[in-house]
Amino acid sequence: SMSVFSKLCLVAMSSSILLLSGCQHFTQPQKAITSPQIQDENNFDLQGKIGVRTPKQSGSAFFTWVQQQDQFDIELTGILGVGKTQIQGKAGEVTLNSAKTGLITATSPEELLEKATGWQAPITHLAYWVQAKSATNNAQIIKDENNRIKQLIEDGWTVEFSYKDAQTLPNKLLLKQAITEDEENRITMIIQNR
């Protein structure tokens, strides 16, 4: 199933990276594709801010992300002076549209992101992570004293979860992917409304 977050990330990165010279590939290739576990209803509506920082560039954007099962609609605004970017998807078809890039189509959010930016990111996993769920069965999970996920390591990404008061869904996610011993890609996602 398609994740909404995938769109968000995609848009933020595609818009910010296209503005900067020197797109480069800086991720390790995906190893075995793990099969997602059967999940509950995948429906949510989020608003917030996302920041992307790599050794080469950084940028941020405001987002809205509406997810209904495998269909999603992500809108990004305020990306380094670029206008609105919209990412929409359903099973097997994902589109990204902005004044800067025009319309880009792909079969998955990950493929779309790579087409637009040369970057690979765990977009499909994000729809699960924002709900404090793992995307696959092979995640390493650390929980806090209230039995909420505090840290999750999955497919090369370490995700740290922050919660407001006694809430069971996170209001902030910090995603880190090691590139070298002292360099990493970081995605910060702040959820203001859900």
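How many aromatic pairs does the structure hold? The structure, a predicted model, holds one aromatic pair, which is taken up in the third view below.

**View 1. Overall make-up of the predicted protein chain.** In this predicted model, the protein chain contains three helices and 11 strands, and its elements follow one another from the N terminus as α-β-β-β-β-β-β-α-α-β-β-β-β-β. Of its 194 residues, 45% count as buried, while the accessible surface of the chain comes to about 9,600 Å², with 47% of that surface belonging to carbon and sulfur atoms. Among the contacts with a separation of 6 or more, 50% are made by residues 24 or more positions apart.

**View 2. The open sheet and its edges.** The 11 strands of this open sheet are arranged in the order β6-β5-β4-β3-β2-β1-β11-β10-β9-β8-β7, and their pairing is antiparallel. At the edges stand β6 (102-106) and β7 (140-143), each of which pairs on one side only. On average, and with direction ignored, neighbouring strands of the sheet are turned by 15° against each other.

**View 3. The aromatic pair between strands β1 and β2.** Phe 44 and Trp 65 make up the one aromatic pair of the structure, and their arrangement is edge-to-face, with 5.2 Å centre to centre and 70° between the planes. Because Phe 44 lies in strand β1 (residues 43-53) and Trp 65 in strand β2 (residues 58-68), the pair ties together parts that are 21 residues apart in sequence. Both Phe 44 and Trp 65 are buried.

**View 4. The largest nonpolar core and the surroundings of Trp 129.** The largest nonpolar core comprises 35 residues, and those with the most contacts inside it are Trp 65, Trp 129, Val 130 and Leu 173. Helix α3 (residues 123-129) gives the most to this core, contributing four residues. When its neighbours within four places in sequence are left aside, the residues in contact with Trp 129 include Pro 122, Ser 134, Ala 135 and Pro 170, and also among them are Leu 152, Glu 154, Trp 157, Val 159, Phe 161, Leu 173 and Leu 175. In soluble globular proteins, nonpolar side chains tend to be buried together.

**View 5. Strand β9 between its partners β8 and β10.** Strand β8 (residues 149-154) and strand β9 (residues 157-162) pair in the antiparallel sense over four bridges; here Leu 152 stands opposite Val 159, and Glu 154 has Trp 157 as its bridge partner. With strand β10 (residues 172-180), β9 pairs in the antiparallel sense over five bridges, and Phe 161 stands opposite Leu 173 in β10. The covered face of β9 presents Trp 157, Val 159 and Phe 161, whereas its uncovered face presents Thr 158, Glu 160 and Ser 162. Trp 157, Val 159 and Phe 161 are also among the residues in contact with Trp 129.

**View 6. Two aspartates with positive phi in the loops flanking β9.** Strands β8 and β9 form a hairpin with two residues between them, and Asp 155, found in the loop between these strands, has a positive phi of about 45° although it is not a glycine. Asp 155 is partly exposed, with a relative accessible area of 30%. In the loop between β9 and β10 lies Asp 165, whose phi is near 50°, again a positive value in a residue other than glycine. Asp 165 is exposed, with a relative accessible area of 67%.

How values were computed: Residues numbered from 1 in each chain as written. Predicted model: local features only at pLDDT ≥ 70, side-chain atom pairs only at ≥ 80, totals over all residues. Heavy atoms only, no water. Core = buried A, V, L, I, M, F, W, Y, C linked by side-chain atoms within 4.5 Å. Buried < 20%, exposed > 50% of the residue type's maximum accessible area, 1.4 Å probe, protein only. Contact = heavy atoms within 4.5 Å. Areas by Shrake-Rupley, 256 points an atom, 1.4 Å probe, with all protein chains shown as cover. Phe/Tyr/Trp six-rings, centres within 6.5 Å; stacked < 30°, edge-to-face > 60°. Pairing = 2+ DSSP bridges. Axes fitted to C-alpha atoms, helices over the stretch in contact; angles between N-to-C directions.
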